[in-house]
Each structure stands twice: as structure tokens, then as C-alpha cells.
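Here are some notes to go with the model, set out as numbered points. Have it open in your viewer while you read.

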Amino acid sequence: MDHSEMKALYISNILPPYRVDLCNDLHEKLDCRICHLSSETEGLCFSPEDITARSRFENFIIPSVKVHGKVLIREPESLISKDTRLVFVNEFSPVMLQILSMRRKYGFKVVSFCDDSIDMIRGNDFSRSHSLARRIVPRWLDEIIVNSPDVCKWYREKYGKGLVMPIIADDVLMRQRLLLSVPMSEQYVENYKLEGKKVILYVGRLVGLKNLPRLFEAVKAMGDATVALVV
């Protein structure tokens, strides 16, 4: 399909594995062009080959430029056409501000996928700029899509916007991936002596924002020898 005819546009920094199924659906159901600012996966725990194999769309890498350490789209108007009706942008980034600045000229709607947690909203944010953006940018958005009901409630009370949509996965493909992971899981259970244990599993980055010390303290306070914390 000619990109100029596409009615929707999705823009994000990178394409992680957990967003592939979402991008597949957006592309197929909304004539959505999928765009990212980088294809660099160095230091990340997934392979670009796996992502490409699962993608049913062309992942267009947007030419970008860094200004004072912030990544911006080099020529943002080149992404927009007269047919563009909807633009999805992640979080409250400088790129989102670029997109919002063109909304009046082209008449499209802007929707944010926001991964904020209620803990971040209540003060444990990962940066002052993100906290400031949360107080300003949502007023200009047409809608905000979040992962949890408590975050949605906060946005609805403050800005009158908010839809809950957990990170989605294709049911059939997810079942196949889960079945393939069973032998590996069984090996972990054996290697780390987890048989018969109540396992608390943490999957995520090892950064301060995730507040892992609180998790460690909570598990320790349980004092239960049958509980195992796996990070």
C-alpha cells in the first residue's frame, strides 16, 4: 500500500517484542503506517530477526536528529498526508510535541499510548521533564490509552480522558510461544530448585524506577520458606 494513502500513523522510539501484535492489528485494521525512530537493539534482550519474522508490516525507520540530547523527527511533515486522520504517539515526548504542532494544519487526531503506573503519577517518576509533561500535554491530546484501571481513573478525573487497554498479544501465537517455552521453564525449575515453591516472578528492567528494594523487603517480611522470588 502507498504510504501516502494510509489513514493512520503509529510513531514510537523502538519496536519491542510486546508491541508487535498491536502494530500488526493497527496496520491491518486502520491502514496504519508503523514508524520508529531507531532499529538499534544493542543492549536489549531481543533480536531484530525475531521481530521482523513476526511483523506483518514494513517497519519504517524515521530520519531523526538529536537536539540537546532529545531525539526529534528530522522532517515531521514528510510523515503526514492529506489522508492522515489519526496519529498514535507513545508517552509525552518531544516527538509528540512535534506531532501536536501540526494537528491544526492537517486536522488529524492524536492519541497517546501511556505506560505510566499509579506510583509514577503519585511522585515516583523517572524524570522531572516527564512529570511536567504529564501536567501539560494531556490537555491537547484527543485520547490517552493506559494499561491499568487506577491510572485511567486518575486521567479521567483530571483531564476527562482515558481508555484502558492492556498490552495485547495474538492468542494463537502467544499459545504457540508459551508451549515452546515449557522445556526451558522446566529446566529453570530444576536448576533453581523451585519444585513445590510459591514463585513470585519479576520481569523487567533493573532500574530505580521499578522500586525493586520494596519487592525484596516485602518478600523477606513474609518469612515463608516456601516462597521463592525469581528476578
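**Notes on the predicted model**

1. Let's start with one residue, N90. With a relative accessibility of 16%, N90 counts as buried, because the cut-off for that label is under 20%. Bear in mind that we are looking at a predicted model here.

2. Where does N90 sit? You'll find N90 in strand 6, which covers residues 86-90. Once its neighbours within four places in sequence are set aside, N90 is in contact with Y10, I11, S12, M96, S112 and F113. D125 is another matter for anyone picking distances: N90 and D125 are 35 residues apart along the chain, and 16 Å separates their C-alpha atoms.

3. Now for the sheet. It is an open one of 7 strands, paired in parallel, and its order reads 3-2-1-6-7-8-9. Strand 3 (60-61) and strand 9 (163-164) form the edges; each has a single partner strand, so one side of each is left without a neighbour in the sheet.

4. Strand 1 and strand 2 deserve a look as a pair. Strand 1 spans residues 8-12 and strand 2 spans residues 32-36, and they pair in the parallel sense over 5 bridges. If you want to trace the register, I11 has C35 as its bridge partner in strand 2, and S12 has H36. Both I11 and S12 also turn up in the contact list of N90.

5. How many residues of strand 2 are buried? The count is 5 of the 5, so strand 2 is largely enclosed by the rest of the structure. Its side chains split two ways: C32, I34 and H36 point one way, while R33 and C35 point the other way, and all are buried.

6. On to the voids. Searching the whole structure turns up 1 cavity of 30 Å³ or more, and the space inside that largest cavity is about 30 Å³. Which residues line it? The lining is made up of R19, F113, C114, D115, I145, N147 and M165. Sorted by class, that gives 4 nonpolar, 1 polar and 2 charged residues. F113, one of the lining residues, is also among the contacts of N90.

7. The second largest pocket holds about 190 Å³ of space. Its lining has 13 residues, and L15, P48, I51, T52 and N59 are the ones nearest its centre. Helix 2 (residues 48-54) gives the most to this lining, with 3 residues. The class split for the pocket is 6 nonpolar, 6 polar and 1 charged.

8. Some whole-protein numbers to finish. The protein has 9 helices and 11 strands, and its C-alpha atoms fill a box of roughly 65 × 40 × 30 Å along the principal axes. Of its 231 residues, 35% count as buried. The accessible surface is about 14,500 Å², with 56% of that belonging to carbon and sulfur atoms. As for contacts with a separation of 6 or more, 61% of them are between residues 24 or more positions apart.

How values were computed. Residues numbered from 1 in each chain as written. Predicted model: local features only at pLDDT ≥ 70, side-chain atom pairs only at ≥ 80, totals over all residues. Heavy atoms only, no water. 1 Å grid on protein atoms, 1.4 Å probe; cavity = no way out; pocket = protein on both sides within 12 Å on 5 of 7 lines; lining within 4 Å. Points joined across faces, edges and corners; volume = space filled by probe spheres on them. Nonpolar A, V, L, I, M, F, W, Y, C, P; charged D, E, K, R; others polar. Helix = DSSP H or I, 4+ residues; strand = E, 2+ residues; numbered from the N terminus. Buried < 20%, exposed > 50% of the residue type's maximum accessible area, 1.4 Å probe, protein only. Contact = heavy atoms within 4.5 Å. Areas by Shrake-Rupley, 256 points an atom, 1.4 Å probe, with all protein chains shown as cover. Pairing = 2+ DSSP bridges.
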